[in-house]
Amino acid sequence: MTYATDRLNEEIAYVAYHFHWDLESILDLEHHDRRQYTEQIASLVTRGAEG
């Protein structure tokens, strides 16, 4: 099964925007690791909005 291109692009944009990482660094991440980063960013953004 392949990962949806739209979803991959969303994850790349999200991590790049928040962490200022370059495309190559983000693409070098394993899928699981990239998903963990997006979840952690979302958690930080949510907490920041609440406080």
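**A three-helix chain: salt bridges and aromatic pairs**

Let me begin with two residues of helix 1, which spans residues 5-19: Arg7 and Glu11 both belong to this helix and stand four residues apart, about one turn of the helix. Their side chains meet in a salt bridge, at 3.7 Å from N to O. The model I am presenting is a predicted one, and I shall return to this pair after an overview of the chain.

The chain contains three helices and zero strands. Along the sequence, the pattern therefore reads α-α-α. Along the principal axes, the C-alpha atoms fill a box of roughly 40 × 25 × 15 Å. Of the 51 residues, 16% are buried. The exposed surface comes to about 4100 Å², and carbon and sulfur atoms supply 52% of it. Among the contacts with a separation of 6 or more, 42% are between residues 24 or more positions apart.

I turn now to the charges. The chain carries 4 positive and 10 negative side chains, and the centres of these two sets lie 7 Å apart. The count of salt bridges comes to five.

Which residues besides Arg7 form a salt bridge with Glu11? One of them is Arg34, whose closest N and O atoms to Glu11 are 2.8 Å apart. Arg34 lies in helix 3, residues 31-50, and Glu11 in helix 1, so this pair ties together parts that are 23 residues apart in sequence. Both Arg34 and Glu11 are buried. The other is Arg35, whose side chain meets that of Glu11 at 3.3 Å, N to O. Here again a residue of helix 1, Glu11, is joined to one of helix 3, Arg35, so the pair ties together parts that are 24 residues apart in sequence.

How exposed are the partners in these bridges? Arg35 is partly exposed, with a relative accessible area of 22%. Arg7 is also partly exposed, at 32%. Glu11, by contrast, is buried, with a relative accessible area of 1%. The cut-off for buried is under 20%, so Glu11 falls within that class at 1%.

Going back to the bridge between Glu11 and Arg35, at 3.3 Å, we can place it in a wider setting. Salt bridges that share partners join Arg7, Glu10, Glu11, Arg34, Arg35 and Glu39 into one network.

My last topic is the aromatic residues. The structure holds three aromatic pairs. In one of them, Phe19 and Trp21 are tilted, with 5.1 Å between the centres and 50° between the planes. Phe19 counts as partly exposed at 28% relative accessibility, and Trp21 is partly exposed as well, at 30%. Trp21 also pairs with Tyr37, this time edge-to-face, at 5.1 Å centre to centre and 75° between the planes. Why is this second pair called edge-to-face? The planes of Trp21 and Tyr37 are 75° apart, and an angle over 60 degrees counts as edge-to-face.

Where do Trp21 and Tyr37 lie? Trp21 is in the loop between helix 1 and helix 2, the latter being residues 23-27, while Tyr37 is in helix 3, so the pair ties together parts that are 16 residues apart in sequence. Tyr37 is partly exposed, with a relative accessible area of 31%. Phe19, Trp21 and Tyr37 form one aromatic cluster.

To close, I would point to two groups for discussion: the salt-bridge network that includes Glu11, and the aromatic cluster that includes Trp21.

Technical notes. Residues numbered from 1 in each chain as written. Predicted model: local features only at pLDDT ≥ 70, side-chain atom pairs only at ≥ 80, totals over all residues. Heavy atoms only, no water. Buried < 20%, exposed > 50% of the residue type's maximum accessible area, 1.4 Å probe, protein only. Contact = heavy atoms within 4.5 Å. Areas by Shrake-Rupley, 256 points an atom, 1.4 Å probe, with all protein chains shown as cover. Lys, Arg positive; Asp, Glu negative; His and termini not counted. Charge placed at Lys NZ, Arg CZ, Asp CG, Glu CD. Salt bridge = Lys/Arg side-chain N within 4 Å of Asp/Glu carboxyl O. Phe/Tyr/Trp six-rings, centres within 6.5 Å; stacked < 30°, edge-to-face > 60°.
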